[in-house]
Amino acid sequence: MKRTRKKTMSKTIVNVILAFICFIWLIPTVGLLVSSFRPAVDILQTGWWTVFPHRDYVTQSTITLPKETDLRQPIEVNGELFNDDQLRSGVTAQDGSRLIWENRRARTIQVQQPDWKVNTNFTLENYNGVLTGKNFEIMQADGTLRSQKGEGLSKAFLNTMVVTIPSTIIPILIATFAAYAFAWLRFPLRRSMFVAVIMMLVVPLQVALIPILKDYTALGLNGSYLGIWIAHTGFGLPLTIYFMYTFISQLPKDLFESAFMDGASNFTIFTRLILPLSVPAIASIGIFQFLWVWNDYLVSLVFIGSQPDVQVMSMRIAAMVGSKGSDWHLLTAAAFVSMLMPLTVFFALQKYFVRGLLGGSVKG
């Protein structure tokens, strides 16, 4: 009984700690989601948590001062004296109300009282601006304004799909072939080549960008989809090969011996045995590779460029903030739009995820 109670208590403590960690991780995500539906003015003025009931100052009335009021002198409001700086930041009067400038030029002051408040002003304008492009007003030479729609995420979304899908499938296919060879075939320098692959895991990809870019320029691959596919494949192969090797090397040896006795070739064994049995591992590493390529900014910027017709989503989202950072509220909606495809891939393959991660960890 005592042992069971101790085990239950330990399990409860672990669950509470995990729940607390998940809660801490969810707070920024919830804040981002709420902000994505809030108008730009509200985002700039108040925090996302104000959509929940909270105590705040609510304007009860407005006081209009005489136009000739000198703001450099003490200002009398309801029989009390305040200076301009106090009214700028808000000052509490003797009756508990809060006085703050509503319009300093018009000499109007808000009288506010603490009360329960909920900011429920939601809009889809952020998502409309992200998906279809923001409207810009351009001054013409004759003084008239012309409305022009900016770039949305639709083109960048398609570009990212074109980059990501081959950059995920190609390295996984090559890595699975290589992992099978390293695990079950015997050939010269097998161990040395595998050690070289492992060593590539610790080499930062940034050190290879300039040399590869020079070669791409000489070969005419820079700025092409083929170039970015090769780059992502090369950078993703070391980890993918090692991951697949840990899984394939633990498959029962009897399977391969029986297949060889039946006259099966290596290609037949690979296609009929290795690939079906490795689906959990392929799905797991596929999630990692897909997420890395989908969220990549640096490699795509170097090898494919930032022109609007080839921009991927990470570059387009960064450009949405504007040259002066005035449109950063669009990033909240853009972040969730960019999350849709990775979440779809993860939930579609999640049943294989844990099996793939643990597949090569235990023998037998």
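**Entry 1: R88 and its partners**

I began with R88, which is partly exposed, with a relative accessible area of 49%. I kept in mind from the start that this is a predicted model. Which side chain does R88 meet in a salt bridge? I found D84, at 3.0 Å from N to O. The two residues are four apart in helix α3, residues 84-89, so about one helical turn separates them. D84 is buried, and its relative accessible area is 10%, which falls under the 20% cut-off.

Next I looked for another partner of D84. The side chain of R104 also meets D84 in a salt bridge, again with 3.0 Å from N to O. R104 sits in the loop between β5 (98-103) and β6 (108-117), while D84 belongs to helix α3, so this pair ties together parts that lie 20 residues apart in sequence. I noted R104 as partly exposed, at 34% relative accessible area. Put together, D84, R88 and R104 are linked in a network of salt bridges.

**Entry 2: the salt bridge at D70**

I then asked myself how many salt bridges the count comes to. It comes to three. One of them joins D70 to R72, with the closest N and O atoms 3.3 Å apart. Is R72 buried or exposed? I looked it up: R72 counts as exposed because its relative accessibility is 76%, and the cut-off is over 50%. D70 is partly exposed, with a relative accessible area of 32%.

**Entry 3: aromatic rings**

I turned to the rings, where the count comes to 13 aromatic pairs. I picked out W48 and F52, which form an edge-to-face pair with 6.3 Å centre to centre and 80 degrees between the planes. The label fits, because planes over 60 degrees apart count as edge-to-face. W48 is partly exposed, with 22% relative accessibility. F52 is partly exposed too, and its relative accessible area is 43%.

My next pair was Y216 and F303, which is tilted: the centres are 5.1 Å apart and the planes make 55 degrees. Where do these two rings sit along the chain? Y216 is in helix α7 (residues 206-219) and F303 is in helix α12 (residues 298-303), so the pair links distant parts of the chain, 87 residues apart. I checked the cover as well, and both Y216 and F303 are buried.

I also followed ring pairs from residue to residue, and they link F182, F187, F194 and Y245 into a cluster. One more ring caught my eye: R98 lies over the face of Y57, at 4.9 Å from the ring centre.

**Entry 4: a nonpolar patch**

On the surface I looked up a nonpolar patch of about 1100 Å². Among the residues that make this patch are M9, I13, V14, F23, W25 and I27. I placed F23 in helix α1, which covers residues 2-36.

**Entry 5: helix α11**

Last, I checked the length of helix α11, residues 279-295. How far should its 17 residues span at 1.5 Å a residue? The expected span is 24 Å, and the end C-alpha atoms are 24 Å apart, so the two agree. I then listed buried residues of α11, including P280, A281, A283, S284, I285, G286 and I287. Further along the helix, Q289, F290, V293 and W294 are buried as well.

Notes: Residues numbered from 1 in each chain as written. Predicted model: local features only at pLDDT ≥ 70, side-chain atom pairs only at ≥ 80, totals over all residues. Heavy atoms only, no water. Phe/Tyr/Trp six-rings, centres within 6.5 Å; stacked < 30°, edge-to-face > 60°. Buried < 20%, exposed > 50% of the residue type's maximum accessible area, 1.4 Å probe, protein only. Lys NZ or Arg CZ within 6 Å of the ring centre and 35° of its normal. Patch = residues over 30% accessible without salt bridge, like charges linked within 9 Å, V, L, I, M, F, W, Y side chains within 5 Å. Areas by Shrake-Rupley, 256 points an atom, 1.4 Å probe, with all protein chains shown as cover. Salt bridge = Lys/Arg side-chain N within 4 Å of Asp/Glu carboxyl O. Expected span 1.5 Å × (residues − 1).
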